[in-house]
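Me: I would like to go through this model with you. Could we start with the overall layout and then turn to the interior?

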Amino acid sequence: MDPLFQITQENLETGLRGVPVGYCTTSTVHPEKGLFYIDYPIDQLANWKPEEVMFLLYKGYKGKEGEVLDFSNDLKKRAQCSQDVMRHIEMLPRQGHPMALFSCAILILGMFEGKGDYRTDCLNLIAKIPQVAAVMINHHAGWGKTPVSRPELGYMENFFHLLNIPGKKDNQLAEVFRLFNILHYDHGGGNLSTFVGKAVASGLEDMYGSIAASMDALAGPRHGKANQECLLFVTELLAAVGENASEERVEKYLRERLAKKELIYGFGHAVLRVEDPRATVQYALAEKLYKEHPLVKISILLRKVGSKVLKENPAITDPYPNVDAISGTLLSAAGFPYSEYYTVLFGLARTVGIAMQIVYERCEARGGKGTPIIRPKYLFKKR
Ligand code: MLT
C-alpha cells in the first residue's frame with residue numbers, strides 16, 4: 001500500500017478511483033503492465049487449461065500435475081446441480097435480460113444447495129456455474145432441454161457440450177470459450193462486480209447471495225455488458241463503412257460519432273493506460289483463425305484508427321482498446337454471435353475470481369477475523 005496516500009476533496013465522487021481499501025490475493029492490474037494472476041502476466045496463461053489457472057488463483061502458486069489433477073477431480077465431483085435447481089431455472093421468465101436470469105439462477109442454486117460455508121460454497125459454485133449458465137441460456141434462448149452434464153470432459157469442454165447452440169459444430173468455438181473464460185476470471189480487487197460481491201459478503205450474506213449481487217453489478221453497460229454493446233457498435237460500424245473500408249473512412253465515421261457526442265465502444269479503462277493485454281491475446285487469435293471474417297477485419301482497423309482519434313483528446317486518459325473491443329468479434333467469428341449472452345460468459349468466468357476473493361475477505365483477512373462490514377463515510381452536503 002502507498003503509505004503516503006491521503007484522501008482529499010479531489011478523491012470524492014470519483015468512484016473511489018485509486019483509493020486503496022484492502023488486499024487482493026489473486027490478481028493485480030498495473031496501468032502499464034496490465035493484468036497479473038498471482039505473479040503471472042495474463043498473456044503467459046493464454047494456453048493453460050481452466051483448471052490450471054483456477055488452481056493458480058486459488059492456491060497462489062502453479063500447481064504440480066498431480067495437484068491440478070486432484071483439484072480438477074474435486075471440481076468434477078461437485079459439478080452436478082440437482083434436478084430441483086435445473087427445474088426452477090427453467091421456470092424463470094424468458095422476457096428479462098439473460099443477466100437478470102443468471103443472477104436469479106445463482107440464488108436458486110444457493111436455495112437448494114447452499115452450505116453456509118464460504119470455502120465449500122466457493123468450490124461448489126465454481127464447479128456448478130457452467131451447468132447453471134448453460135441451463136439458463138438454453139432455456140432463455142429456447143434452445144431446448146440441456147443435455148446430461150459430462151464434467152469428465154473438462155471444465156469449459158463440458159460447458160460447450162451443455163450449450164445447445166444451433167448448428168453447433170465440433171469447431172474452434174470450444175477453444176475460444178476456454179480462452180475467454182481464462183481471461184475473465186479476475187481483474188484485481190476493485191472492479192465493480194468484485195467490490196460489490198465482497199461488500200455484500202461483508203454483511204455476512206452467503207456466497208450465493210453475494211455472487212448474485214456481483215452479477216447484478218456486472219450487468220450494467222459500463223461494466224460487463226460493455227462486451228454486448230461493443231459488438232453492436234462494431235456491427236453498426238461494419239454496416240456503415242463495409243468490410244473493405246479504408247482507414248480514412250473509419251476515421252470519418254468515428255469523428256462523426258464523436259461530433260454527435262456518441263460513444264466509441266471498446267476503448268479506455270479505469271486503471272489501464274495501455275492496450276488491455278486481454279485484448280492483445282484475443283486480437284492475435286482472431287487474426288490467426290479468422291482474419292478474413294468481416295467483423296475481425298473491421299475490428300482490427302478500429303483498433304488502430306480508434307486509438308489514433310481518441311489520442312487527440314487530452315482529457316482521454318486511456319485511448320487504447322480494452323478487453324471488450326475484440327471479445328464479441330472473436331466469439332461471433334468462432335460461431336457464437338449471440339451477443340445478449342456475452343455478459344453471462346463474462347459472469348460465468350468472473351464468478352471464479354470473486355468467489356475466491358470473498359473466501360479471502362471472510363475467512364483469512366485480518367488473521368482470520370475477516371474484514372468488517374463495508375461502511376465508508378459520506379460527507380453531508382446541502383443541495
Ligand atoms: C474488468 O475486467 O472487471 C473490467 O476491466 C473492469 C475493471 O477492471 O474495472
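Me: Into which domains is the chain divided?

Reply: This is a predicted model. The chain is divided into domain 1, covering 34-220 + 341-368, and domain 2, covering 226-333.

Me: How far apart do the C-alpha centres of domain 1 and domain 2 lie?

Reply: Their C-alpha centres are 28 Å apart. In the contact, 21 residues belong to domain 1 and 19 residues to domain 2.

Me: On to the interior. Which residues of the largest nonpolar core touch the most other members?

Reply: They are F102, F159, F177, Y185, M207 and F336, in a core of 112 residues. Helix α5 (residues 118-141) supplies the largest share of this core, with 13 residues. Domain 1 and domain 2 each contribute at least three residues to this core.

Me: And F102, what does F102 touch?

Reply: Leaving aside residues up to four places away in sequence, F102 touches I129, V132, A133, M136, M215, V344, G347 and L348.

Me: Changing topic: what volume does the second largest pocket have?

Reply: The volume of the second largest pocket is about 250 Å³. Its lining comprises 16 residues, and K49, E51, E52, V68 and L69 are those nearest its centre.

Me: Which elements give two or more residues to that lining?

Reply: Those elements are α1 (50-59) and α2 (65-78). The largest share, five residues, comes from α2.

Me: How many residues of each class are in the lining?

Reply: The lining of the second largest pocket has eight charged, five nonpolar and three polar residues.

Conventions: Residues numbered from 1 in each chain as written. Predicted model: local features only at pLDDT ≥ 70, side-chain atom pairs only at ≥ 80, totals over all residues. Heavy atoms only, no water. Core = buried A, V, L, I, M, F, W, Y, C linked by side-chain atoms within 4.5 Å. Buried < 20%, exposed > 50% of the residue type's maximum accessible area, 1.4 Å probe, protein only. Helix = DSSP H or I, 4+ residues; strand = E, 2+ residues; numbered from the N terminus. Domains from an automatic or database assignment. Contact = heavy atoms within 4.5 Å. 1 Å grid on protein atoms, 1.4 Å probe; cavity = no way out; pocket = protein on both sides within 12 Å on 5 of 7 lines; lining within 4 Å. Points joined across faces, edges and corners; volume = space filled by probe spheres on them. Nonpolar A, V, L, I, M, F, W, Y, C, P; charged D, E, K, R; others polar.
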